[in-house]
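Open the model in your viewer and keep the selection tool ready. We will go stop by stop.

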Amino acid sequence: MLVNMKAMLEKAMNENYAVPACNVDNEHNLRAAIQAAEETNSPLILNVTPVANPDIIYFGRIATDLIRQSKCSIALNLDHGKTFEACIAGLRAGFTNIMIDRSTLPLNENIEQVKEMVKIVHSQGCTVEAELGHVGFGQEEKNDRSVLTRVDEAIEFVERTQIDALAVAIGTAHGVYQGEPHIQFDLLHELRSALPIPLVLHGGSGTGDQNLKRCAHEGINKINLSNDLKRSAIANLICRDLSGNEVYNLYPLLAEGFKNKIEYYIKLFGCSQK
Ligand SMILES: [Zn+2]
């Protein structure tokens with residue numbers, strides 16, 4: 001079942017759990033992710049980023065077709081739509097949620113650009129996620145408090161833009177970390193009680209199971225995962241003896257490792273059977 005994120009994440013917000021949002025970029029990991037949702041009877045979000053798969057229109061066609069055949073509620077999210085054109089391409093390709101990333105702009109410009117896009121996306125029956133504060137990359141991590149989300153700005157941002165979910169910067173980063181990140185749980189609690197909409201965590205991979213479990217139960221409702229899933233896929237391949245016929249199982253083995261890790265996170269985040 002192809003759905004947008006609204007009802008899915010509002011339920012997660014009311015019942016204190018998080019839905020994994022898994023980056024997929026080909027038919028194998030797409031099918032593996034859908035299978036993980038089915039085996040755990042869980043809702044799921046599939047992230048596609050134009051960086052990993054620039055042919056959004058064609059991939060969107062495959063993804064929406066496969067998702068419609070599933071009995072689980074699955075949202076297809078265009079992750080980090082950096083340009084107006086990319087967001088519109090996402091809508092044309094059948095994506096049900098558009099993540100608009102204007103987080104590097106000053107607050108007012110961020111609000112104005114997101115607000116315009118919200119009107120367009122909502123008119124198509126789809127939902128919008130935007131980011132406030134800035135979730136950078138692991139390598140450039142500097143414990144810089146100025147990039148964290150501010151509560152007063154978040155309240156204004158949500159009110160003025162009418163977005164459906166907000167990606168917050170509370171100490172995680174994209175990509176690979178040097179050590180485990182320091183999550184600002186106090187800030188998360190403040191944001192949760194101040195805002196009426198579901199919150200999103202980017203850069204879930206490498207954050208550590210205990211941190212992620214706490215986030216899922218203390219105010220985050222969508223957790224983005226990419227790196228960890230790919231590592232699990234590769235680990236499932238390299239532990240095999242590929243000298244014989246098993247080499248023909250290259251893609252199924254990668255998909256199996258990918259699927260197992262998603263199922264692991266579905267259970268960790270309390271999303272199973274939801
Ligand atoms: Zn992100």
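A residue is called buried when its relative accessible area is under 20%. Keep that cut-off in mind for the first stop. Remember, too, that this model is predicted.

**Stop 1: strand β3.** Select residues 74-81, which form strand β3. Eight of the eight residues here are buried, so β3 is largely enclosed by the rest of the structure.

**Stop 2: the neighbour on one side.** Add strand β2, residues 44-48. β2 and β3 pair in the parallel sense, over five bridges. Which residue of β3 does V48 stand opposite? Show the side chains and look for L78. Now add helix α3, residues 56-68. Together, β2, α3 and β3 make a right-handed β-α-β unit.

**Stop 3: on to strand β4.** Select residues 97-100 for β4. β4 pairs with β3 in the parallel sense as well, over three bridges. One pair to pick out is G81 and its bridge partner in β4, I100. Follow the chain from β3 to β4: the path runs through helix α4, residues 84-92, and this β-α-β crossover is right-handed.

**Stop 4: helix α4.** Stay on α4 and colour A86, C87, A89, G90 and L91, the buried residues of this helix. What do they pack against? Their partners are α3, β3, β4 and α5, the last being residues 107-123. Just after α4, click on G94, which takes a positive phi of about 95°.

**Stop 5: the largest nonpolar core.** This core has 83 residues. Select L46, I163, L166 and I170, the members that touch the most others. Then centre on I170 and look for residues far from I170 in the sequence. Leaving out residues up to four places away in sequence, I170 touches L148, H182, I183, Q184, L187, L188, L191, L201, C215 and I220.

**Stop 6: the largest pocket.** Its volume is about 580 Å³. Which of the 28 lining residues are closest to its centre? Select N23, T49, H80, F137 and H174. Now look at the elements around the pocket. β3, β8 (220-225) and α9 (227-238) each give two or more residues to the lining. So β3 returns at this stop, as part of the pocket wall.

**Stop 7: a cavity.** How many cavities of 30 Å³ or more are there? The count comes to one. The largest cavity holds about 30 Å³ of space. To find the spot, select the residues that line the largest cavity: M5, K6, L9, E10, D164 and P198.

Terms used
Residues numbered from 1 in each chain as written. Predicted model: local features only at pLDDT ≥ 70, side-chain atom pairs only at ≥ 80, totals over all residues. Heavy atoms only, no water. Core = buried A, V, L, I, M, F, W, Y, C linked by side-chain atoms within 4.5 Å. Buried < 20%, exposed > 50% of the residue type's maximum accessible area, 1.4 Å probe, protein only. Contact = heavy atoms within 4.5 Å. Helix = DSSP H or I, 4+ residues; strand = E, 2+ residues; numbered from the N terminus. Pairing = 2+ DSSP bridges. Right-handed = clockwise from strand over helix to strand, strands pointing away. 1 Å grid on protein atoms, 1.4 Å probe; cavity = no way out; pocket = protein on both sides within 12 Å on 5 of 7 lines; lining within 4 Å. Points joined across faces, edges and corners; volume = space filled by probe spheres on them.
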